[in-house]
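Trainee: I am new to this structure and would be grateful for a close look at a single part of it. Please take the strands as the starting point and then place them in their surroundings.

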Amino acid sequence: MTAPLLEVRDLSKAFGNVVTANNLNLSLTAGVLTSIIGPNGAGKSTLINILTGFIPPDSGRIIFQSQDITYEPIYRRVRLGLCRSFQVVNVFTGLTLFENISIPILAAHRRANGLFSTVSGEKAVREEAHRILQRIGLQEQGDLPASALSHGDQRVLEVGIALAARPKLLFLDEPTAGMNPVERIKILENIRQLSQEGEVTFVIVEHDMDIVFSLSERVIVLHRGDVIGDGPPEQIKADPHVREVYLGEEVVA
Ligand SMILES: Nc1ncnc2c1ncn2[C@@H]1O[C@H](COP(=O)(O)OP(=O)(O)O)[C@@H](O)[C@H]1O
Ligand SMILES: [Mg+2]
């Protein structure tokens with residue numbers, strides 16, 4: 001059996017008496033497109049913040065590719081391939097798409113090859129930026145400022161920026177927030193395709209249940225810091241406890 005990509009062991013976090021992680025145990029498998037769902041305030045964003053190093057847990061361990069990263073700073077996690085996007089848009093609107101994507105690529109090249117200076121290095125960065133623009137379907141707009149994009153395409157660009165850091169595991173916190181239905185379908189199809197390419201394992205927080213159930217291979221349901229459901233979409237859809245506390249349906253015993 002292969003080791004999990006990420007393992008969470010007995011993870012706890014509370015803000016005062018608001019418990020966002022209650023002795024959580026989870027393991028994420030490489031290549032499995034996973035959604036985390038749960039009511040507002042369930043602790044989804046906090047969990048992503050803890051796993052990616054933005055806030056420390058109260059207790060518990062986080063193991064990424066067999067390495068304990070519980071107290072590693074964000075940049076070390078990014079280097080290892082553990083990355084995230086935010087619930088609000090986070091692009092440089094005054095820079096072109098190409099420039100937005102080149103920044104993290106340059107950073108990755110510096111890490112790999114020392115100070116970046118050679119002409120061949122520059123060519124490699126350009127090629128990689130173009131490849132990513134292509135993968136996210138924005139190759140035609142590469143020379144436009146990000147401000148020229150629709151909100152939906154700015155969010156797609158964010159996924160591209162995240163990909164430029166060469167993640168192995170990428171958390172997307174509500175990538176469809178503020179999008180219209182057409183934009184939603186477009187970005188999620190894009191994520192599905194990127195997931196199938198196999199380089200990156202995606203974990204998504206998403207509200208639209210139709211999307212969650214059609215896109216995900218695995219659904220994790222958080223409620224007040226507890227995992228109350230975890231399995232393939234059909235199983236979660238049919239789970240009486242999940243339906244009761246989250247999908248808001250009366251369950252007739
Ligand atoms: N930095 C913080 N300080 C105090 N309370 C917080 C902080 N971050 C989150 N919370 C609280 O933790 C709970 C879970 O928040 P969050 O993880 O953002 O939920 P979700 O993303 O599932 O909607 C909420 O009640 C929120 O108010
Ligand atoms: Mg949130």
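Which residue in β4 is the bridge partner of serine 12?

Mentor: The bridge partner of serine 12 is serine 59, in β4. Please bear in mind that this is a predicted model.

That pair belongs to the junction between strand β1, residues 6-15, and strand β4, residues 59-64. The two strands run antiparallel and are joined by 5 bridges. Further along the same junction, arginine 9 stands opposite arginine 61 in β4.

Strand β4 also pairs with strand β5, which covers residues 67-68. This second pairing is likewise antiparallel and has 2 bridges. Here isoleucine 63 has aspartate 68 of β5 opposite it. Between β4 and β5 the hairpin has 2 residues, and in this hairpin glutamine 65 adopts a positive phi near 45°.

These pairings form part of an open sheet of 4 strands, arranged in the order β2-β1-β4-β5 with antiparallel pairing. Because β2 and β5 each have a single partner strand, they stand at the edges, and one side of each is left without a neighbour in the sheet.

The edge strand β2 leads to the ligand. Strand β2 (18-28) and helix α1 (44-51) are the elements that give two or more residues to the shell around ligand 1. The contribution of α1 is the greatest, at 3 residues. The residues surrounding ligand 1 are Phe15, Val18, Thr20, Gly38, Asn40, Gly41, Ala42, Gly43, Lys44, Ser45 and Thr46. By character, this shell divides into 7 polar residues, 3 nonpolar and 1 charged.

Beyond the sheet and the ligand, the nonpolar interior deserves attention. The largest nonpolar core comprises 59 residues, and Ile101, Leu170 and Val221 have the most contacts inside it. Helix α5, residues 151-164, gives the most to this core, namely 7 residues. Isoleucine 101 shows one link with that helix: among the residues it touches, leaving aside those up to four places away in sequence, are Gly160, Ile161 and Ala164, which are also listed among the buried residues of α5. Isoleucine 101 touches Ala129, Ile132 and Leu133 as well.

Helix α5 itself is mostly covered, with 12 of its 14 residues buried. The buried residues include Asp153, Arg155 and Glu158 alongside Val156, Leu157 and Val159. From its first C-alpha to its last, α5 reaches 20 Å, close to the 20 Å expected at 1.5 Å a residue. Just after this helix, arginine 166 takes a positive phi of about 55°.

A final residue to consider is valine 212, which lies in helix α7, residues 209-215. Valine 212 counts as buried because it has 21 C-beta neighbours inside 10 Å, and the cut-off for a buried residue is 20 or more. Setting aside residues up to four places away in sequence, valine 212 touches Ser35, Ile37, Glu206 and Val219. Its position can also be related to leucine 170, one of the core residues named above: valine 212 and leucine 170 are 42 residues apart in sequence and 17 Å apart in space, C-alpha to C-alpha.

Definitions and conventions. Residues are numbered from 1 along each chain as its sequence is written. Chains are lettered from A and ligands numbered from 1 in the order in which they are written. This is a predicted model: local features need pLDDT of at least 70, side-chain atom pairs count only at pLDDT 80 or more; totals for chains, interfaces and linings use all residues. A nonpolar core is a set of buried Ala, Val, Leu, Ile, Met, Phe, Trp, Tyr and Cys residues joined through C-beta atoms within 7 Å. Two residues are in contact if their C-beta atoms, placed from the backbone, lie within 7 Å. A residue is near a molecule or strand if its C-beta atom, placed from the backbone, lies within 6 Å of it. Ala, Val, Leu, Ile, Met, Phe, Trp, Tyr, Cys and Pro count as nonpolar, Asp, Glu, Lys and Arg as charged, and the others, Gly among them, as polar. Two strands pair if DSSP finds at least two bridges between them. The expected span of a helix is 1.5 Å times one less than its number of residues.
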